[in-house]
Amino acid sequence: MTTHGGFEPVFCTIVPPHVLDKLSQAEDPALAGPARRTLERDALERTHRRLTTVVGAPSVAQPAGAVPAKPHRTVHDARHGTDLPGHKVRGEGDKPGKDATVNRAYAGLGATFELLLKAYQRDSIDGNGLPLDATVHYDREYNNAFWNGEQMVFGDGDGEIFLDFTIPIDVIGHELVHGVTQYTANLTYFGQPGALNESVSDVFGSLIKQYTLGQTAAEADWLIGAGLLAPRVTGKALRSMKEPGTAYDDDVLGKDPQPATMDDFVRTGRDNGGVHINSGIPNHAFYLAATALGGHAWERAGLIWYDVLTGGELKQQAMFADFATLTVKAARERFGDGEELDAVSKAWEQVGVRTL
């Protein structure tokens, strides 16, 4: 497995560094300790990802006897250690066990596979039946979930700020879609291209949840990570695509910093140039386009975004305007000069991104 010529090896977490940084400064050691350990573990995993890219990570082959266009899921249990993948606890076709975390991970992998196949005729995240592997119960009080370029990893959370990271199905989908991006456009994980990388994962993570629940665009909550925050936190999710900047406003975590339009674009050297922050802008554009069109968001708006991600024209260092321009082009090519083109064009205009 390679990173396909990317600017930086793939290591993508669902909880942004700025959230953990803020949490690590809490006066209560029960809150600060897990956050600091999570930041340290993330740094180690990021370094490991770079090293495996340099020396060459082992390729992942389609398992013998696997049926094409069928998921091949394996869930492992790290047993609160950090060796990956850990102990195998559930394979494809195995019945649910007593561990709800294992069952949720297995179901989330399947839901992601199903949306990709049914809506976009894509066979797993690489388009060629890649096995979907996940590890649960990673480390102790680990406040994150990540895609490391090869598999999914879920922490249990500290129980104070974050709960089990398998609870929100869109978190599972978000991380797996980083794999789809890796195998297609492979957007550079820095600045605007990195924010697009994060936004694509939010978009399809939300679509996976909506598909699983059978929701229309009007019925969806458009939240990323709803159910992940513990009861003591003043907030509803990690991010809101409908109203970026409103997901949480908490004494410990601070206030959600995401902008909804280019007027509030955040310039920062942290978080790889604000990839988890400025993703709010393209997120909001998708929300506006999808709700303007109505119906199931994965069908028209989602198809346009998928066409851009996989069409071969999206450059690794694409800026917001480049992506927006390609969505307009994709809308016209697939649907003609109709309401789809109008909805997409107006969405980008509303968030202040000009199409070229």
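# A tour of two domains, three helices and a cavity

Start with a cavity lining: its residues divide into six nonpolar, three polar and two charged, and the cavity is the second largest in the structure. You are looking at a predicted model.

**Stop 1: the cavity**

Select Pro16, His18, Val19, Leu238, Arg239, Tyr248, Asp256, Pro257, Gln258, His276 and Ile277. These residues line the second largest cavity. How big is the volume of this cavity? It is about 40 Å³. The structure holds three cavities of 30 Å³ or more. Rolling a probe the size of a water molecule over the atoms shows where such empty space is left. Keep His276 selected for the next stop.

**Stop 2: the annotated active site**

Which residues carry the "active site" feature in UniProt? The unreviewed entry places it at Glu175 and His276. The two are spread over 102 residues of sequence, yet they cluster in space, with a largest C-alpha distance of 13.0 Å. His276 from this set is also part of the lining of the second largest cavity. Now click on Glu175. This residue sits in helix H4.

**Stop 3: helix H4 and its partners**

Show residues 169-183 as a cartoon; this is helix H4. Two packed helices are described by the angle between their axes and the distance between the axes. Try that on two pairs.

First, add helix H5, residues 191-213. H4 and H5 pack at an angle of about 130 degrees, and their axes are 7 Å apart. The two helices are therefore oblique to each other. H4 passes H5 in a right-handed crossing.

Next, add helix H3, residues 100-120. The axes of H3 and H4 come within 9 Å and cross at roughly 55 degrees. H3 and H4 are therefore oblique to each other. Their crossing is right-handed.

**Stop 4: the two annotated domains**

Colour residues 99-182. The unreviewed UniProt entry annotates this stretch as "domain: Peptidase M4". Over these residues the chain is 42% helix and 13% strand. Where do the ends lie? The end C-alpha atoms of residues 99-182 are 31 Å apart.

Pick another colour for residues 185-353. In the unreviewed UniProt entry, this stretch is annotated as "domain: Peptidase M4 C-terminal". Here the chain is 47% helix and 5% strand. The end C-alpha atoms of residues 185-353 are 20 Å apart.

**Stop 5: two backbone oddities**

Most residues other than glycine have a negative phi, and most peptide bonds are trans. Two places in this model depart from that pattern.

Zoom in on Leu84 and Pro85. Is the peptide bond between Leu84 and Pro85 cis or trans? The bond is cis, with omega near 10 degrees. Pro85 is in the loop between strand E2 (73-77) and strand E3 (87-91).

Now move to Glu141. What is the phi of Glu141? Its value is positive, about 55 degrees, although Glu141 is not a glycine. Glu141 lies in the loop between strand E4 (132-136) and strand E5 (145-147).

To finish, go back to Glu175 in helix H4. Then return to His276 in the cavity lining.

Terms used: Residues are numbered from 1 along each chain as its sequence is written. This is a predicted model: local features need pLDDT of at least 70, side-chain atom pairs count only at pLDDT 80 or more; totals for chains, interfaces and linings use all residues. Side-chain values use heavy atoms; hydrogens and water are left out. UniProt positions are given in the numbering used here, feature names are shortened, and annotations may be inferred rather than shown by experiment. Helices (H or I, at least four residues) and strands (E, at least two) are DSSP runs, numbered from the N terminus. On a 1 Å grid over the protein atoms alone, a cavity is a set of points where a 1.4 Å probe fits but cannot get out, and a pocket is an open set with protein on both sides within 12 Å along at least five of seven lines; lining residues have an atom within 4 Å of a point. Grid points are joined across faces, edges and corners, and a volume is the space filled by probe spheres set on the points. Ala, Val, Leu, Ile, Met, Phe, Trp, Tyr, Cys and Pro count as nonpolar, Asp, Glu, Lys and Arg as charged, and the others, Gly among them, as polar. Axes are lines fitted to C-alpha atoms, for helices over the stretch in contact, and angles run from 0 to 180 degrees between N-to-C directions. Angles under 35 degrees count as roughly parallel, over 145 as roughly antiparallel, 65 to 115 as roughly perpendicular and the rest as oblique. A crossing is left-handed if the near helix is turned anticlockwise from the far one by less than a right angle, and right-handed if clockwise.
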